[in-house]
Structures are given as structure tokens and as C-alpha cells.
Amino acid sequence: MTEAVFGPTGTVWSSTVIRIPIPGRTPPYGIAYVNLDDGPRVTVHTAADPADGPVPVGTRVRISGTNDTGDVEVEVIEK
């Protein structure tokens, strides 16, 4: 293996809102699979309000950092 850097933009391939509690996470929160423009498909948390539902497939997003629990998070840049 070799180290590689990808991102920060991509397109939502699939997303959902988690509404069940699991240890270390407080529902509801959104997650998505994102196809990065220059790399792999990654699983991320979404910064969008989960009350608005899942981020639509095809939405353009940008990796914005990590959330309070250290998960990679994306923000919507274009619907």
C-alpha cells in the first residue's frame, strides 16, 4: 500500500438518517456514501439538519472536517 490524499469534494451516492440510538451516538444524525471526485467512495456524517431528511443522491458536498465524535463530516455545496 501507498499513502494517498483524496478530496475534499464529491457527490452523494446514497444517504440516510439514523433514528435509533447506539452507544456513543445521539439520534437523529445523517450519514452518506460519497464518491470523491478524485478517489474512493467514503462513508461520512452529514452536517445537514437530519429533520430535513437524507441528503439527496447527486448532491455535491465538501469534506468540512470532523464532528464532535471524530467522524469525518461533509457539508452541502450544491444540490
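# Notebook: an all-strand chain

Started with charges: I count 6 positive and 10 negative side chains in the chain. The centre of the positive set and the centre of the negative set sit 6 Å apart. Note to self: this is a predicted model.

**Overall layout**

Next I looked up the secondary structure. I find five strands and zero helices. Reading from the N terminus, the order is β-β-β-β-β.

Then the dimensions. I get a box of roughly 35 × 30 × 15 Å around the C-alpha atoms, taken along the principal axes. The radius of gyration is 12 Å, and a compact globule of 79 residues would have one near 12 Å, so the chain agrees with that expectation.

I checked the surface too. The accessible area comes to about 5200 Å², with 53% of it belonging to carbon and sulfur atoms. Of the 79 residues, 27% count as buried.

How far apart in sequence are the contact partners? Taking contacts between residues at least 6 apart in sequence, I see that 42% join residues at least 24 apart.

**The core**

Which residues make up the largest nonpolar core? I list eight: Val12, Ala32, Val34, Leu36, Val44, Val55, Val61 and Val74. Strand β2, residues 29–36, gives the largest share of this core, with three residues.

I picked Val12 for a closer look, setting aside its neighbours within four places in sequence. Val12 is in contact with Ala32, Tyr33 and Val34, and also with the run Val55, Pro56, Val57, Gly58 and Thr59, plus Val61. Ala32, Val34, Val55 and Val61 from that list are core members along with Val12.

**Cis peptides**

I went through the cis peptide bonds next. One joins Gly7 and Pro8, with omega about 10 degrees. Pro8 lies in the segment before β1, which spans 9–18.

Another cis bond joins Pro27 and Pro28, and here omega is about -5 degrees. I place Pro28 in the loop between β1 and β2.

**Thr66 and Asn67**

Is Thr66 buried or exposed? Thr66 has a relative accessible area of 55%, and over 50% counts as exposed, so Thr66 is exposed. Thr66 belongs to strand β4, residues 60–66.

I looked up what Thr66 touches beyond four places in sequence: Asp71, Val72 and Glu73. I also took the C-alpha distance from Thr66 to His45, which is 8.6 Å for a sequence gap of 21 residues.

Moving on to Asn67, I find this residue in the loop between β4 and β5, the latter being 72–78. What does Asn67 touch, not counting residues up to four places away? I get His45 and Glu73. Glu73 is thus on my contact list for Thr66 and on the one for Asn67.

For a long-range distance I took Asn67 to Ala4: the C-alpha atoms are separated by 22 Å, with the two positions 63 residues apart along the chain.

**The C-terminal side**

Last entry, Lys79. I put Lys79 in the segment after β5. Its relative accessible area is 79%, so Lys79 goes down as exposed. From Lys79 to Thr43, 36 residues apart along the chain, I read a C-alpha separation of 19 Å.

How values were computed: Residues numbered from 1 in each chain as written. Predicted model: local features only at pLDDT ≥ 70, side-chain atom pairs only at ≥ 80, totals over all residues. Heavy atoms only, no water. Helix = DSSP H or I, 4+ residues; strand = E, 2+ residues; numbered from the N terminus. Rg over C-alpha atoms; globule rule 2.2 N^0.38 Å. Buried < 20%, exposed > 50% of the residue type's maximum accessible area, 1.4 Å probe, protein only. Contact = heavy atoms within 4.5 Å. Areas by Shrake-Rupley, 256 points an atom, 1.4 Å probe, with all protein chains shown as cover. Lys, Arg positive; Asp, Glu negative; His and termini not counted. Charge placed at Lys NZ, Arg CZ, Asp CG, Glu CD. Core = buried A, V, L, I, M, F, W, Y, C linked by side-chain atoms within 4.5 Å.
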